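Here is a short note to read alongside the model. Each point takes one part of the chain in turn.

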Amino acid sequence: MRRALEEARAALATDDVPVGAVVLDADGAVLAVGRNTREADHDPTGHAEIVALRAAAAARGEWRLEGCTLVVTLEPCTMCAGALVQARVARLVFGAYDDKAGAAGSLWDVVRDRRLHHRPEVVAGVLADESAALLLEFFGDRR
């Protein structure tokens with residue numbers, strides 16, 4: 001999670017919402033990292049999770065990320081939750097809950113929906129205070 005927090009802080013340089021993500025392989029080695037790039041790339045899909053999943057798939061040479069863990073500073077939205085399910089990610093670890101758009105237990109629970117073909121293990125609230133503090137500071141400066 002500390003590596004994901006570094007990525008989140010790096011997003012601030014491009015005025016993107018500070019969310020960072022890391023994909024770990026089955027042995028715990030960093031496979032890929034990502035940060036929000038919506039502002040920098042003018043891309044609505046530029047969420048940290050999507051950026052990291054794309055990079056991990058490219059590094060692996062396949063779209064299936066079986067055995068991998070996605071670590072992200074903020075609970076994934078529906079788009080990102082759907083992407084990690086589609087990628088067959090084994091485990092999701094996230095920091096802060098997102099009561100307005102979270103899809104891993106807060107608003108929706110896409111990742112645990114029994115109707116889907118794959119359901120990753122979910123570990124929530126890891127360094128949640130630190131993750132939330134970055135977001136609160138970012139949005140507080142804009143109000």
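How many helices and strands does the secondary structure of the chain come to?

1. Overall content. This is a predicted model. The chain has 5 helices and 5 strands. Read from the N terminus, the order of these elements is α-β-β-α-α-β-α-β-β-α. The chain therefore begins with a helix and ends with one, as that order shows.

2. Size. The C-alpha trace spans about 40 × 30 × 25 Å along its principal axes. The radius of gyration is 14 Å, and a compact globule of 143 residues would have one near 15 Å, so the two agree. The accessible surface of the chain is about 7300 Å², and carbon and sulfur atoms account for 50% of that surface.

3. Burial and contacts. Of the 143 residues in the chain, 43% are buried. Consider next the contacts between residues at least 6 apart in sequence: 55% of these join residues at least 24 apart.

4. Charges. The chain carries 17 positive and 22 negative charges. The mean position of the positive charges and that of the negative charges are 5 Å apart.

5. Helix 1. This helix covers residues 2-11, and its buried residues are Ala 4, Leu 5, Glu 7, Ala 8 and Ala 11. Why do they count as lying on the same side of helix 1? They cover an arc of only 155° around the axis, and this puts them on the same side. A general point helps here: an α-helix has 3.6 residues a turn, so residues three or four places apart point the same way. The cover over the buried residues of helix 1 includes strand 1 (20-24), strand 2 (30-35), strand 3 (69-74) and helix 5 (128-140).

6. The loop after helix 1. Two residues of the loop between helix 1 and strand 1 deserve a look, and one of them is Asp 15. Its phi is near 65°, a positive value in a residue other than glycine. As a general rule, most residues other than glycine have a negative phi. Asp 15 is partly exposed, because its relative accessibility is 43%.

7. Pro 18. This residue is found in that loop too, between helix 1 and strand 1. Is Pro 18 buried or exposed? Its relative accessible area is 1%, so Pro 18 is buried. Leaving aside neighbours within four places in sequence, Pro 18 is in contact with Ala 8, Ala 11 and Leu 12, with Thr 73, and with Leu 134, Leu 135 and Phe 138. Leu 135 is 117 residues from Pro 18 in sequence, yet their C-alpha atoms are 6.3 Å apart in space. Among these contacts, Ala 8 and Ala 11 were listed above with the buried residues of helix 1.

8. Helix 4. Which residues are buried in helix 4 (residues 78-86)? They are Cys 80, Ala 81, Leu 84 and Val 85. Their arc around the axis is only 140°, which puts them on the same side of helix 4. These buried residues pack against helix 3 (48-60), strand 3 and strand 4. Strand 3 was also named in the cover of helix 1.

9. The loop after helix 4. Ala 87 lies in the loop between helix 4 and strand 4. Its relative accessibility is 8%, so Ala 87 counts as buried. Not counting residues up to four places away in sequence, Ala 87 touches Trp 63, Arg 64, Leu 65 and Glu 66. Ala 87 and Glu 62 are 25 residues apart in sequence, and 9.5 Å separates their C-alpha atoms. Arg 88, just after helix 4, has a positive phi of about 65°.

10. Gly 105. The loop between strand 4 (91-96) and strand 5 holds Gly 105. Its relative accessibility of 40% is why Gly 105 counts as partly exposed. From Gly 105 to Leu 74 the separation is 31 residues in sequence and 12 Å in space, C-alpha to C-alpha.

11. Leu 127. This residue is in the loop between strand 5 (121-124) and helix 5. Phi of Leu 127 is near 50°, a positive value in a residue other than glycine. With a relative accessible area of 28%, Leu 127 is partly exposed.

Technical notes: Residues numbered from 1 in each chain as written. Predicted model: local features only at pLDDT ≥ 70, side-chain atom pairs only at ≥ 80, totals over all residues. Heavy atoms only, no water. Buried < 20%, exposed > 50% of the residue type's maximum accessible area, 1.4 Å probe, protein only. Helix = DSSP H or I, 4+ residues; strand = E, 2+ residues; numbered from the N terminus. Arc of directions from axis to C-beta. Contact = heavy atoms within 4.5 Å. Rg over C-alpha atoms; globule rule 2.2 N^0.38 Å. Areas by Shrake-Rupley, 256 points an atom, 1.4 Å probe, with all protein chains shown as cover. Lys, Arg positive; Asp, Glu negative; His and termini not counted. Charge placed at Lys NZ, Arg CZ, Asp CG, Glu CD.
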